[in-house]
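Visitor: Please pick one part of this structure and walk me around it slowly. After that, I would like to see how the rest of the chain is laid out.

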Amino acid sequence: MYKQTVSYNNFAYGEISPYLFGRGDIDAYRFGAMTISNMTVVPTGGIKRRSGTKYIDILPGEGKLIVFEYSPEEEYLLYFGDKILHIYNSDNKLVKTMSSPFTFVQLSNIRWTQKGNQLFIVHTDVFPKVLKFYPFENLWKFEDWVFDKHSEKGYSCEPFNRFDDVGDISITPSDKVGTITLNASDNLFNNSYIGKKIKINDGEVSIIEILSETKATASVIVGLSSVNESSSWQEPAFSDVRGYPKSIAFHQNRLVIGGSKSLPNRLWFSKTGNYFNFDLGESLDDEAIEFNMLSDKVNEILCVFSGKHLQVFTSDSEWMVSGFPLTPSSLSVKQQTKIGSVSDRFILPKLVEGSTVFVARNNKEIREFCYADITENYSSEDLILLSNHLMNKPKELDYNIRERLLYVLQGDGSISVLLLNKTNGINSWFKYETLGEFISLAVFIDKLYVIVKRDDNYFLEVFSEDVFTDNSLVFKSKNKLKKIMGISHLNNKVVSVNADNYIFDAKVENGEVLLPIEAENIFLGLAYTHILCPLPFLINGVRPPKVIRLFDISFRVMDTPLLQVDTGEGLRNITCLNFDKDEVIDKPIKPVSGDIHLKAKGFLRDFKVPLWKVESSKPCNVNILNISTIIGSAK
């Protein structure tokens with residue numbers, strides 16, 4: 001039998017797709033794994049049990065998390081539910097509950113951007129809103145957008161348009177000022193026109209009454225230049241019938257809005273510094289800009305993103321809008337790649353190591369939209385090509401720049417996580433799961449916050465490095481505790497408890513848990529299981545063996561009190577003896593740092609069964625620096 005030493009010095013490629021289980025010729029096979037569940041690959045190459053989550057609050061229902069950063073001292077986490085908004089401060093305290101203009105159904109397609117104390121929010125079915133925060137009054141309120149009026153002429157500076165569906169219909173005004181009658185050449189007016197502004201003959205009117213399909217009464221806002229018949233009249237670009245902006249961003253001190261139901265490929269740029277002024281004026285450098293994204297097909301604008309250039313993500317392709325400064329004369333629009341973005345829900349792209357990361361239209365790719373100075377163009381590479389089995393109709397993504405972790409919320413309630421470090425060649429994917437479903441996520445003050453559905457309840461939780469259970473509570477007292485109270489959110493649940501490093505399970509009854517020992521430092525919550533499995537063994541990385549045997553496995557660990565390993569005979573505890581006894585442990589488990597060696601026996605013929613497996617649901621730290629194995633194989 002041929003013997004070979006196989007070492008796992010790092011997991012730089014994370015969990016890779018089963019379709020690569022025969023590709024021992026690529027680096028991903030040397031530095032990848034079959035399964036990495038509820039473990040985190042660290043930048044130095046090792047792997048550890050993921051952090052648990054702490055309980056913050058019970059929420060009224062399913063919703064969405066958005067971060068509001070007013071200043072480094074005042075940051076808030078916003079929970080949008082069905083017509084409701086909860087606001088939490090940086091201490092995880094609920095500071096405000098108020099009504100919201102958005103229904104639960106609309107939440108998956110709201111877009112937002114922040115400027116100072118204002119959060120601009122758009123949805124194609126809702127009049128655009130601003131959530132304003134007044135710090136001195138500690139006041140929050142929603143307001144409708146109010147477009148500017150021309151300082152001299154008084155007309156509205158909102159976007160106007162003549163829509164194709166009105167055909168050649170012309171309008172004749174009865175007078176230049178006052179209350180007038182508008183006569184249409186064909187059927188046009190209906191109740192949706194009441195209150196709508198019309199630009200005609202260099203003036204502006206507001207319709208106050210519909211007399212018939214061809215006649216309406218209007219009030220003149222800006223005097224008309226004539227009463228001549230006009231076929232070039234315009235109506236507001238946004239309305240209940242025409243739809244409201246679909247995407248929004250700030251770029252070069254302009255408010256950029258893109259797309260609507262009736263104008264899916266149109267972009268509007270506000271006047272520089274005047275975010276509610278979209279008057280095109282005389283096309284001076286600081287005046288508003290408006291144009292269509294034109295190509296061989298209609299490109300529905302799904303997202304506008306401010307980076308090195310204004311990046312426009314559409315249903316079919318990705319675009320670069322350049323010009324510095326961006327003016328009506330300097331503006332340049334170029335199509336870059338033809339990937340397309342998800343259109344039935346909004347997934348906000350994120351800036352990751354200089355590239356913009358977005359979810360592709362096919363729901364199977366996480367793409368990075370990256371600019372190259374040499375070619376002066378963008379490319380779009382797939383970050384999850386080798387781990388695309390972890391993609392399941394993604395819903396949200398966010399990025400923790402401190403930990404270099406990209407979190408992708410999947411449709412099945414799991415979170416796919418990417419550790420990306422291009423300098424060191426790390427592109428490692430792994431998966432987080434919990435007892436329940438992750439519903440929404442957001443990185444807030446360098447921590448991952450999540451909404452989790454457990455049974456019929458929705459919880460707000462935060463990942464925390466000092467717990468290794470989910471939906472956890474932490475208790476610290478100089479007076480040793482025998483009974484834990486105030487945990488009604490886990491009532492009738494079996495929880496996993498770590499009390500001064502004594503490990504046991506207990507059932508919560510009437511919001512209380514009775515401990516078998518007295519302890520000072522306690523955390524308890526729902527157990528989750530971490531799993532690490534190697535890829536199928538190939539002789540010299542090329543040839544599949546007929547028979548394989550694991551002789552020896554060694555782990556170099558740090559601060560790891562308990563490591564459970566299966567080498568074909570079931571889970572064994574190799575850093576804490578007598579742990580599997582049913583009675584309470586009579587000694588606390590102690591962290592171990594060093595090398596642990598384990599002899600193994602038995603033969604394996606099925607490549608789908610891992611040669612070894614690290615697995616545990618016990619609430620304690622696991623930190624593996626290196627794994628080394630001695631493997632025998634027969635050709």
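Guide: Happy to, and one cut-off comes first: a residue counts as buried when its relative accessible area is under 20%, as exposed when that area is over 50%, and as partly exposed in between. The part I have picked is strand β14, residues 126-134. Seven of its nine residues are buried, so β14 is largely enclosed by the rest of the structure. Please keep in mind throughout that this is a predicted model.

Let us look at the partners of β14, beginning with the strand before it. Strand β13 covers residues 118-123 and pairs with β14 in the antiparallel sense, over five bridges. Within that pairing, Ile121 of β13 stands opposite Lys129 in β14. The two strands form a hairpin, with two residues between them.

Now follow the chain out of β14. Strand β15, residues 139-144, also runs antiparallel to β14, and six bridges join the two. If you want a spot to rest your eye, take Phe133, whose bridge partner in β15 is Trp140. β14 and β15 make a hairpin too, this one with four residues between the strands. In that hairpin Asn138 takes a positive phi, near 55 degrees.

The start of β14 leads us further afield. Val126 belongs to a nonpolar core of 29 residues, whose members also include Phe313, Met320 and Ile339. Met320 falls within strand β29, residues 318-322, which gives us a good reason to visit the sheet there.

That sheet is an open one of four antiparallel strands, in the order β27-β28-β29-β30. At its edges are β27 (301-306) and β30 (332-337), each of which pairs on one side only. With direction ignored, neighbouring strands are turned by 25 degrees against each other on average. β29 and β30 are antiparallel and share five bridges, and Val321 has Val333 of β30 as its bridge partner. The loop between β29 and β30 holds Pro325, and here is a detail worth a pause: the peptide bond from Phe324 to Pro325 is cis, with omega near -5 degrees.

Edge strand β27 spans 301-306, a range that takes in Cys303, which is buried at 5% relative accessibility. What keeps this cysteine from forming a disulfide? Its closest cysteine sulfur, in Cys370, is 17 Å away, too far for a bond. The count of disulfides comes to zero. Another cysteine, Cys620, is likewise buried, at 4% relative accessibility.

Asn138 has company in its positive phi. Glu353, in the loop between β31 (350-352) and β32 (355-359), has a phi near 50 degrees. Glu353 counts as partly exposed, because its relative accessibility is 30%. Ile445 also has a phi near 50 degrees and is found in the loop between β39 (437-444) and β40 (447-454). With a relative accessible area of 36%, Ile445 is partly exposed as well.

The core that Val126 belongs to lies apart from another one, the largest nonpolar core, which has 48 residues. Ile415, Leu532, Phe555 and Ile624 touch the most other members there. Strand β47, residues 547-557, gives this core its largest share, five residues. Phe555 shows how such a position is surrounded: beyond its neighbours within four places in sequence, its contacts include Leu563, Val565, Ile574, Ile596, Val614 and Ile624. Gly594, Asp595, Asn626 and Ile627 are in contact with Phe555 too.

Finally, let us step back to see the whole protein. It has 53 strands and two helices, and its C-alpha atoms fill a box of roughly 95 × 60 × 40 Å along the principal axes. Buried residues make up 55% of the 635 residues. Of the contacts with a separation of 6 or more, 59% join residues 24 or more positions apart.

As for confidence, the pLDDT averages 92, and 97% of the residues score at least 70. Residues 578-585 are a stretch to treat with care, with a pLDDT below 50. In the model this stretch has 11 contacts beyond near neighbours in sequence.

Key:
Residues are numbered from 1 along each chain as its sequence is written. This is a predicted model: local features need pLDDT of at least 70, side-chain atom pairs count only at pLDDT 80 or more; totals for chains, interfaces and linings use all residues. Side-chain values use heavy atoms; hydrogens and water are left out. A nonpolar core is a set of buried Ala, Val, Leu, Ile, Met, Phe, Trp, Tyr and Cys residues joined through side-chain atoms within 4.5 Å. Buried means under 20% relative accessible area, exposed over 50%, partly exposed in between (1.4 Å probe, protein chains only). Contact means heavy atoms within 4.5 Å. pLDDT is the predictor's confidence in each residue, from 0 to 100. Two strands pair if DSSP finds at least two bridges between them. Axes are lines fitted to C-alpha atoms, for helices over the stretch in contact, and angles run from 0 to 180 degrees between N-to-C directions. A disulfide is a pair of cysteine sulfur atoms within 2.5 Å.
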